[in-house]
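The exercises below concern the packing of helices and of domains, and each task sentence is followed by a solution that goes step by step. Please look at the structure before reading the solutions.

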Protein chains: 2
Amino acid sequence: MSKKRIYLNAFDMNCAGHQSPGLWSHPEDQSHRYKDSEYWIELAKILERGRFDAIFLADVLGIYDVYEDSRDAAVKQGAQVPVNDPMLVVPLMAQVTKHLGFGVTVSTSYDQPYAFARSMSTLDHLTKGRVGWNIVTSYLNSAAINLGLDKQISHDTRYEIAEEFLDVCYKLWEGSWEDDAVTLDKKNRLYTDPTKVHNIDHKGEYFNVIGPHLTEPSPQRTPVIYQAGASKRGRNFAAKHAECVFISSPTKRIAEKYVKQLREETKKVGRDENEIKVFSLFTPIVATTQEEAEAKYEEYKSYSSYEGGLALLGGWTGIDLSSYEPDEELRYIKNEAIHSAVEIFTKIDPDKKWTVKEVAEFVGVGGIGPVAVGSPERVADIMEEWIEDTGVDGFNIAYAITPGTFEDFVDLVIPVLQERGLVQKEYQEETLRGNLTGSSQLPLSHPGKQYHRSLQKSL
Amino acid sequence: MSKKRIYLNAFDMNCAGHQSPGLWSHPEDQSHRYKDSEYWIELAKILERGRFDAIFLADVLGIYDVYEDSRDAAVKQGAQVPVNDPMLVVPLMAQVTKHLGFGVTVSTSYDQPYAFARSMSTLDHLTKGRVGWNIVTSYLNSAAINLGLDKQISHDTRYEIAEEFLDVCYKLWEGSWEDDAVTLDKKNRLYTDPTKVHNIDHKGEYFNVIGPHLTEPSPQRTPVIYQAGASKRGRNFAAKHAECVFISSPTKRIAEKYVKQLREETKKVGRDENEIKVFSLFTPIVATTQEEAEAKYEEYKSYSSYEGGLALLGGWTGIDLSSYEPDEELRYIKNEAIHSAVEIFTKIDPDKKWTVKEVAEFVGVGGIGPVAVGSPERVADIMEEWIEDTGVDGFNIAYAITPGTFEDFVDLVIPVLQERGLVQKEYQEETLRGNLTGSSQLPLSHPGKQYHRSLQKSL
């Protein structure tokens, strides 16, 4: 392809109505089937047909309970609750695909890196090198309390723990087993050469792990690292570790600013500024004609849920909008939290005054990301404009209804993008990192790579 | 069937050479393929063809490092290392079977029950009610250190933690979501009735979990509880909680004694003495004729590993036999640990003096369980005798080579047992607990059941 290709993730979660609260009630939506294997198998096949790079699975280990100071709205609308473990559906999807990657969200705040590193290596083996890890530090207070903490750890401490957690994982994945440690030498009856399996001897502030890793080297060793931190500390963390960054930006201007800052910080830590692929949240509502697409969007909106939208927004921002009337305007008041919510929406359109109902409707289809409504050509145009104007590398495609939104996109928009040379017609490599970067292994500039035995001076 | 049927588990682990150290080097053995999906898919199909009740997956989160005070012997022989996460292969096997159950080993000593309970519920959903949980409290010091503890927690404290861990899980699985909480009522736009989702408000010594559970009720709610504790405290724990118990007994006399004690203790805690199914470790080496089977056994033994056997035995018993010469007799010396190793082997045959080489050979095929070598009829006879003489309900079938041992058993012995009315010709129910007991739900006498909302007085 002559032009830079557009990278594509599908954005989903092991629950109903991920970024479209209320749309589970749409007659065609299948998201309530999230607990059945078949749901994931069908979805994976659709995505590979559309040459998606990966499916990205979000996760929370708690329930959104800020709105009305209660979890009831989230529960009533199935807004990301009930929610199942994302890791366990990956082997199913890998089994019916050959190239599709899998980004799985796991928090560094509650797990032990030793056991977690084994689980990810196991997935990398079972998928033959198609696993990514979306690192989150977890923001929900309800999760922290249920997972053994008195209250949520402070934001900056969570990132400190995450840094050390990652260090332990890198050491296990890259530095413990040499490439040729497993010999399977039947003649000499040597399964593994013990001189090529090394302890990691990690002694830190939060973790002490001697090692060695329990798992033999998997195709990618370190899974592809995803990150979504929007805060300054989060961006800094992403600049250092991430290979893919996911942003939720309602407008091109906000996305552009973030991408610029991220690229600068990436250079500062000694990596190539384009080494990180940035994926922007994007919900396409597409039909053969513009009119049909617009009618479809109106129909979807009629199923979106006011309280579901505000429940999700409450969880994401910490802001409870329940004291507003639906027709009341969002306004600056003396409260830092509300301040930030107003900011999100004034940035979308500085001249517009948002009522709470409009806010809920906006979140109702596609979360706080943009919704592109139109004919296949129009949606393809919007995507091209985003890429050109913001510097993002691709999109995290969210659904209004599932698998309907993904099917529409794959059947209608992908052929247009392929025709324009913007989406790959065939996958290039076997592994996820291979497809994204041309190599299955971490690049030399990545901080995890320093732990690979071949690069350690003191062998 | 007129006679009591024999219950059958296959015993495996997400690693090579599970109970047959060295046999990975046999030309036909496929255990080194443990990291490929296809290995598990093929195995699951063989087992369902043979009407096995379940496959039981052992696990350790450490490496056997007692022998020679080093992990080298285990590493060289691939003796349960490298070892991958067992949970992640279950969805793959469930997808190609309809009835086979899956017993997964997870320790209660390092995990948080809140996240773990969600993973098990997810598996129970994905398998449509075919999951069991083998509760272990973990015995390897190397695991404890790598998982954040300064040293192994004491044996009794581990069981105290396990009791409370289970209580939290029971509350989440049985007591948090009412059966009809999820309504999926599209007309009234009610996904879940929030008045039917309850906090568990658990405040304990080791865990504080408010809840609610994150997952909607799965087909079995609580997975079938497996346990393998052989110690007094372990037996007591099993009597209270287990639905299936797994024993590794080299002789019928030892098995009989254990079963008797377990049934008595089960009665003492108010459960029916036959409510627990006891599975005895058993390795069948079978061929069309007795001679062929014996030749096969001799051939297998020639691939077993001396150091691999002693590495496993070291891990299981804590005893390092490296200071013995291979031809030296195992003897009582002033050391409690050696005492217990001698006991295991004198119980097999009180008149026999065991050399260390014989001990290693014994462990080399089938661990410390019995090996039945013979024609299909002879192996079926031995199994019948075990059932009659010991009171066990069935067997945990270990492999010498895989899938060869399972294929031989399914093709040759199962038809004989079916002909005798001892093994089911068809599965009776859809879920694992259904197949074992006739009902998918915990029985009223089980301590987990008390937390089910319908049985709680203070609704």
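**Exercise 1.** Identify which residues join H13(B) to H14(B), and describe how the two helices are arranged.

Solution. In this predicted model, the side of H13(B) consists of Pro376(B), Glu377(B), Val379(B), Ala380(B) and Met383(B), and these residues meet Phe409(B), Leu412(B), Val413(B), Val416(B) and Leu417(B) in H14(B). Sorted by class, the contact of H13(B) with H14(B) has nine nonpolar residues, no polar residues and one charged residue. Turning to geometry, H13 spans residues 376-390 of chain B and H14 spans residues 404-419 of chain B, and the two pack at an angle of about 60° with their axes 9 Å apart. Angles of 65 to 115 degrees count as roughly perpendicular and those under 35 degrees as roughly parallel, and H13(B) and H14(B) are therefore oblique to each other. As for handedness, H13(B) passes H14(B) in a right-handed crossing.

**Exercise 2.** Determine how H4(A) and H6(A) cross, and which residues make their contact.

Solution. The axes of H4 (residues 113-126) and H6 (residues 155-175) of chain A come within 9 Å and cross at roughly 50°. That angle makes H4(A) oblique to H6(A), and the crossing of these two helices is right-handed. On the H4(A) side the contact is made by Pro113(A), Tyr114(A), Phe116(A), Ala117(A), Met120(A) and Ser121(A), while H6(A) contributes Phe165(A), Val168(A), Cys169(A), Leu172(A) and Trp173(A). A count by class gives 10 nonpolar, one polar and no charged residues in the contact of H4(A) with H6(A).

**Exercise 3.** Describe how domain 1 and domain 2 of chain A meet, beginning with their bounds.

Solution. The domain assignment of chain A places 7-154, 221-303 and 370-437 in domain 1, and 305-364 in domain 2. The C-alpha centres of domain 1 of chain A and domain 2 of chain A lie 23 Å apart, and their contact takes 24 residues from domain 1 and 22 residues from domain 2. Between them, domain 1 of chain A and domain 2 of chain A bury about 1,900 Å², of which 65% is on carbon and sulfur atoms. Finally, of the area that domain 1 of chain A buries against domain 2 of chain A, 33% is supplied by Pro21(A), Val66(A) and Tyr67(A), more than by any other three residues.

Terms used
Residues are numbered from 1 along each chain as its sequence is written. Chains are lettered from A and ligands numbered from 1 in the order in which they are written. This is a predicted model: local features need pLDDT of at least 70, side-chain atom pairs count only at pLDDT 80 or more; totals for chains, interfaces and linings use all residues. Side-chain values use heavy atoms; hydrogens and water are left out. Domain bounds come from an automatic or database domain assignment. Contact means heavy atoms within 4.5 Å. Buried area is the accessible area (1.4 Å probe) that two parts lose on being put together, summed over both. Axes are lines fitted to C-alpha atoms, for helices over the stretch in contact, and angles run from 0 to 180 degrees between N-to-C directions. Helices (H or I, at least four residues) and strands (E, at least two) are DSSP runs, numbered from the N terminus. Angles under 35 degrees count as roughly parallel, over 145 as roughly antiparallel, 65 to 115 as roughly perpendicular and the rest as oblique. A crossing is left-handed if the near helix is turned anticlockwise from the far one by less than a right angle, and right-handed if clockwise. Ala, Val, Leu, Ile, Met, Phe, Trp, Tyr, Cys and Pro count as nonpolar, Asp, Glu, Lys and Arg as charged, and the others, Gly among them, as polar.
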